[in-house]
Amino acid sequence: MPGSPHPATDALLSRWAQALINARAGGAGPDPLPYGENLLTRWAEPHRRYHTTDHLIAVLNRVDELAHHADDPDAVRLAAWFHDAVYLPDRSTNEERSARLAERALPEAGVSPETTAEVARLVRLTIEHDPAERDHNGQVLCDADLAVLAGGPQEYAAYAAAVRAEYAFVPDDAFRAGRADVLRQLLGQEPLFRTPTGQTRWERVARRNLATELELLSA
């Protein structure tokens, strides 16, 4: 792994291995660690500023908090690992390429076709973050991915700055217009969070943060 390993590398590899073994449902498979190490190498790519290992950790932690809402928590955890595993900020195909990575890697790692298909479906769902009413797995992953929007003022400011840094190649005017479109799309979702826990804990603060950022961009 290039550079210094993330301080949470060992803990993350343990979490990956447990999720993968659980998803195998008693079936055999190869050593989980090389797959986890490959994913962590991807998450540590130097061009990333927001979609980093720290983002992966945050999403995994939120998935754990929301796991009681999911029908298959381990499929959701695997989807969290893959959901931005392929990430280039100048591409619009990151989710699709990440889903295809899951479709290649998981069967080789001993995961059933059914669970592999569910993981890939969940990864693709993060394009729009708009799960269906009864899509409990999708609701958990999307809420976990969007939970950063409900951070305190400093946390949200750091998130917004990291997003801007990831798109440093985009001129200011173009970035402001594009970012404003994203914020309007998120604010247009009613509700933004789909799990009962997400709605209770994060909805109000996230909407306030999004509206404030949009106002600043439009000033």
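This text walks through a predicted model, from its core to its pockets and then to several helices and residues.

Start with the core. The largest nonpolar core holds 64 residues. Those with the most contacts inside it are Trp16, Trp81, Phe82, Leu106, Val119, Leu149 and Leu192. Helix H4, residues 73-82, gives the most to this core, with 7 residues. Leu106 shows how such a contact set looks. Leaving aside residues up to four places away in sequence, Leu106 touches Trp16, Leu20, Leu78, Phe82, Val111, Thr116 and Val119.

Next comes the open space. Rolling a probe the size of a water molecule over the atoms shows where empty space is left. The largest pocket has a volume of about 850 Å³. A total of 32 residues line the largest pocket, and the closest to its centre are His51, Glu95, Tyr167, Arg179 and Val182. Four helices give two or more residues each to this lining: H5 (94-108), H7 (136-146), H8 (153-166) and H9 (172-187). Of the elements, H9 gives the most, with 7 residues. By class, the lining of the largest pocket divides into 16 nonpolar, 9 polar and 7 charged residues.

The second largest pocket contains about 270 Å³ of space. Its lining counts 17 residues, and Ala58, Arg62, Ala147, Val148 and Glu155 are the closest to its centre. The elements with two or more residues in this lining are helix H3 (53-66), H7 and helix H10 (196-218). H3 supplies the largest share, 6 residues. The lining of the second largest pocket has 8 nonpolar, 3 polar and 6 charged residues.

H3 deserves its own paragraph. This helix has 14 residues. From its first C-alpha to its last, H3 reaches 20 Å, close to the 20 Å expected at 1.5 Å a residue. Buried in H3 are Thr53, His55, Leu56, Ile57, Val59, Leu60, Val63 and Leu66. What do the buried residues of H3 pack against? Their partners are helix H1 (9-24), helix H2 (33-43), H4, H7 and H10.

Helix H6 can be read the same way. H6 covers residues 113-125, 13 in number. At 1.5 Å a residue, H6 should span 18 Å, and its end C-alpha atoms are 18 Å apart, so the two values agree. The buried residues of H6 are Thr115, Thr116, Glu118, Val119, Ala120, Leu122, Val123 and Leu125. Two of these return from the core: Thr116 and Val119 are among the residues that Leu106 touches. The cover over the buried residues of H6 includes H1, H4, H5 and H7.

Two single residues close the tour. Asn209 lies in helix H10. Is Asn209 buried or exposed? Asn209 counts as buried because its relative accessibility is 11%, and the cut-off for buried is under 20%. Beyond residues up to four places away in sequence, Asn209 touches Leu149, Ala150, Gly151 and Tyr156. Leu149 is also one of the core residues with the most contacts inside the core.

Ser14 sits in helix H1. Ser14 has a relative accessible area of 48%, so Ser14 is partly exposed. The exposed class starts over 50%. Ser14 and Gly36 are 22 residues apart along the chain, and their C-alpha atoms are separated by 8.9 Å.

How values were computed. Residues numbered from 1 in each chain as written. Predicted model: local features only at pLDDT ≥ 70, side-chain atom pairs only at ≥ 80, totals over all residues. Heavy atoms only, no water. Core = buried A, V, L, I, M, F, W, Y, C linked by side-chain atoms within 4.5 Å. Buried < 20%, exposed > 50% of the residue type's maximum accessible area, 1.4 Å probe, protein only. Contact = heavy atoms within 4.5 Å. 1 Å grid on protein atoms, 1.4 Å probe; cavity = no way out; pocket = protein on both sides within 12 Å on 5 of 7 lines; lining within 4 Å. Points joined across faces, edges and corners; volume = space filled by probe spheres on them. Nonpolar A, V, L, I, M, F, W, Y, C, P; charged D, E, K, R; others polar. Expected span 1.5 Å × (residues − 1).
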